[in-house]
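Dear colleague,

I am handing over the structure below, together with an account of what was found in it. Please read the notes with the model open beside them.

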Amino acid sequence: MATQSVKLRDEHDAVQKKTFTKWLNAQFSKTGKAPIQDMFSDLRDGRKLLDLLEGLTGNTLTKERGSTRVHSLNNVNRVLQVLHQSSVDLVNIGGTDIVDGNHKLTLGLIWSVILHWQVKDVMKDVMSSLQQTNSEKILLSWVRNCTRNYNNVNVLNFTTSWADGLAFNAILHHFRPHGFSWEEAVRLTPVERLDHAFTFAKDQLNIERLLDPEDVAVQLPDKKSIIMYVTSLFAVFPNDITIDDIREVETLPRRYKVEHEDGHAVSALVTQKNMCFSELTVSDWCSIMCRNGHNPKLVRLQWS
């Protein structure tokens with residue numbers, strides 16, 4: 001089981017690297033900067049990170065042009081200083097981590113930037129009006145509000161609920177009902193549905209294809225990548241959310257908080273039964289949780 005968890009983390013890191021690179025290059029294209037090829041090596045001298053922050057903050061940031069380690073550290077430390085001044089949450093990330101090309105912490109740094117400017121900045125007005133600080137909860141409330149009239153769709157999280165492609169298409173169809181046939185989208189395979197949604201969003205809404213269908217149609221999609229893309233949809237569509245929508249999310253049964261191991265079992269059962277995640281019965285979920293070592297009595301009590 002430990003080996004499987006490590007494999008899953010590695011897969012998620014690979015997806016994040018791909019998705020975050022696409023996001024970075026989309027930001028660079030806005031300011032006429034050259035794209036990067038390899039996130040882990042191209043960000044090490046700090047210059048591309050300063051380019052990124054110039055675009056996000058609108059401020060000109062001085063870069064050291066030398067090629068020594070000292071120049072790179074000075075650039076990266078300047079990046080960390082700007083992020084601190086912008087109240088970006090950084091945990092245990094130092095200049096040497098980025099200059100040394102630490103994969104995990106480089107991903108963590110870029111996610112912190114995305115979370116601040118892509119997620120929280122896009123949602124700040126809604127968060128303020130509802131007096132909420134949890135951007136993920138607001139985003140899930142919005143998604144459930146958009147998709148509640150689609151019988152095939154029941155979005156419970158930012159992982160397994162998106163693997164079959166229905167949720168993405170439901171959001172798009174909700175706001176663009178004449179843009180495509182919902183019935184035809186349902187008849188597609190998960191990979192085809194995902195490709196359809198990402199293509200439609202790019203062609204009709206100019207939303208970057210940050211995700212690849214094959215990275216989402218998996219047992220447990222990467223949560224950060226899903227949140228990043230859904231936030232792009234949130235940014236271009238009306239986002240009327242009420243406190244009742246928030247409360248509805250807060251009352252979702254705990255059983256829908258799927259762990260890594262449970263996610264594998266859930267996906268396998270969905271594939272076996274040729275159904276959607278939202279069609280799993282209480283009996284199905286109980287069986288999965290118990291097989292994965294959860295206490296049967298507690299499971300049935302929690303699900304009653």
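**What was found**

Asp 45 has a relative accessibility of 22% and therefore counts as partly exposed, since buried would require under 20%. Please keep in mind throughout that this is a predicted model.

To begin with the chain as a whole, its secondary structure comes to 16 helices and zero strands. Of the 304 residues in the protein chain, 49% are buried, and the accessible surface comes to about 15,100 Å², with 47% of that surface belonging to carbon and sulfur atoms. Among the contacts with a sequence separation of 6 or more, 61% are between residues that stand 24 or more positions apart.

**Salt bridges**

Side chains of opposite charge can pair when their charged atoms come close. The count of salt bridges in this model comes to 19. One of them joins Asp 45 to Arg 47, where the closest N and O atoms are 3.1 Å apart; Arg 47, at 23% relative accessibility, is partly exposed.

Another salt bridge links the side chains of Lys 48 and Asp 51, with a distance of 3.8 Å from N to O. Both of these residues belong to helix H3 (residues 47–57), where they lie three residues apart, about one turn of the helix. An α-helix has 3.6 residues a turn, so residues three or four places apart point the same way. Lys 48 and Asp 51 are each buried, and the same state is found for Glu 54 and Lys 63, which are both buried and form a salt bridge whose closest N and O atoms are 3.2 Å apart. These pairs are part of a network of salt bridges that links Lys 33, Lys 48, Asp 51, Glu 54 and Lys 63.

**Helix packing**

Helix H3 also packs with H6, the axes being 12 Å apart and the angle about 5 degrees; because angles under 35 degrees count as roughly parallel, H3 and H6 are described as roughly parallel to each other. On the H3 side the contact is made by Leu 49, Leu 52, Leu 53, Leu 56 and Thr 57, and on the H6 side by Leu 109, Ile 110, Val 113 and Trp 117. By class, this contact of H3 with H6 holds eight nonpolar residues, one polar residue and no charged residues.

Helix H6 (residues 103–130) meets H7 in another arrangement, with axes that come within 10 Å and cross at roughly 75 degrees. Since angles of 65 to 115 degrees count as roughly perpendicular, H6 and H7 are placed in that class. Val 119, Lys 120, Met 123, Val 126 and Met 127 in H6 meet Ser 135, Ile 138 and Leu 139 in H7, and by class the contact of H6 with H7 has six nonpolar residues, one polar and one charged.

As for helix H8, nine of its ten residues are buried, so H8 is largely enclosed by the rest of the structure. Its buried residues are Leu 166, Ala 167, Phe 168, Asn 169, Ala 170, Ile 171, Leu 172, His 173 and Phe 175. The elements that cover them include H7, helix H9 (182–187), helix H10 (190–205), helix H11 (213–216) and helix H12 (223–236).

**Three buried residues**

Phe 40, in helix H2 (residues 39–42), has a relative accessibility of 9% and therefore counts as buried. Apart from residues up to four places away in sequence, Phe 40 touches Lys 17, Gly 101, His 103, Thr 106 and Leu 107. Of these, Gly 101 is 61 residues from Phe 40 in sequence, while their C-alpha atoms are 5.5 Å apart in space.

Thr 159 sits in the loop between helix H7 (135–147) and helix H8 (166–175), and with 12% relative accessibility this residue counts as buried. If neighbours within four places in sequence are set aside, Thr 159 is in contact with Leu 220, Pro 221 and Lys 223.

Asp 245, finally, lies in helix H13 (residues 243–250) and is buried, its relative accessible area being 10%. With neighbours within four places in sequence again left out, the contacts of Asp 245 are Ser 141, Asn 145, Arg 148 and Asp 240.

With best regards

Technical notes: Residues are numbered from 1 along each chain as its sequence is written. This is a predicted model: local features need pLDDT of at least 70, side-chain atom pairs count only at pLDDT 80 or more; totals for chains, interfaces and linings use all residues. Side-chain values use heavy atoms; hydrogens and water are left out. Helices (H or I, at least four residues) and strands (E, at least two) are DSSP runs, numbered from the N terminus. Buried means under 20% relative accessible area, exposed over 50%, partly exposed in between (1.4 Å probe, protein chains only). Contact means heavy atoms within 4.5 Å. A salt bridge is a side-chain nitrogen of Lys or Arg within 4 Å of a carboxyl oxygen of Asp or Glu. Axes are lines fitted to C-alpha atoms, for helices over the stretch in contact, and angles run from 0 to 180 degrees between N-to-C directions. Angles under 35 degrees count as roughly parallel, over 145 as roughly antiparallel, 65 to 115 as roughly perpendicular and the rest as oblique. Ala, Val, Leu, Ile, Met, Phe, Trp, Tyr, Cys and Pro count as nonpolar, Asp, Glu, Lys and Arg as charged, and the others, Gly among them, as polar. Accessible areas come from the Shrake-Rupley method with a 1.4 Å probe; for residues, only the protein chains shown count as cover.
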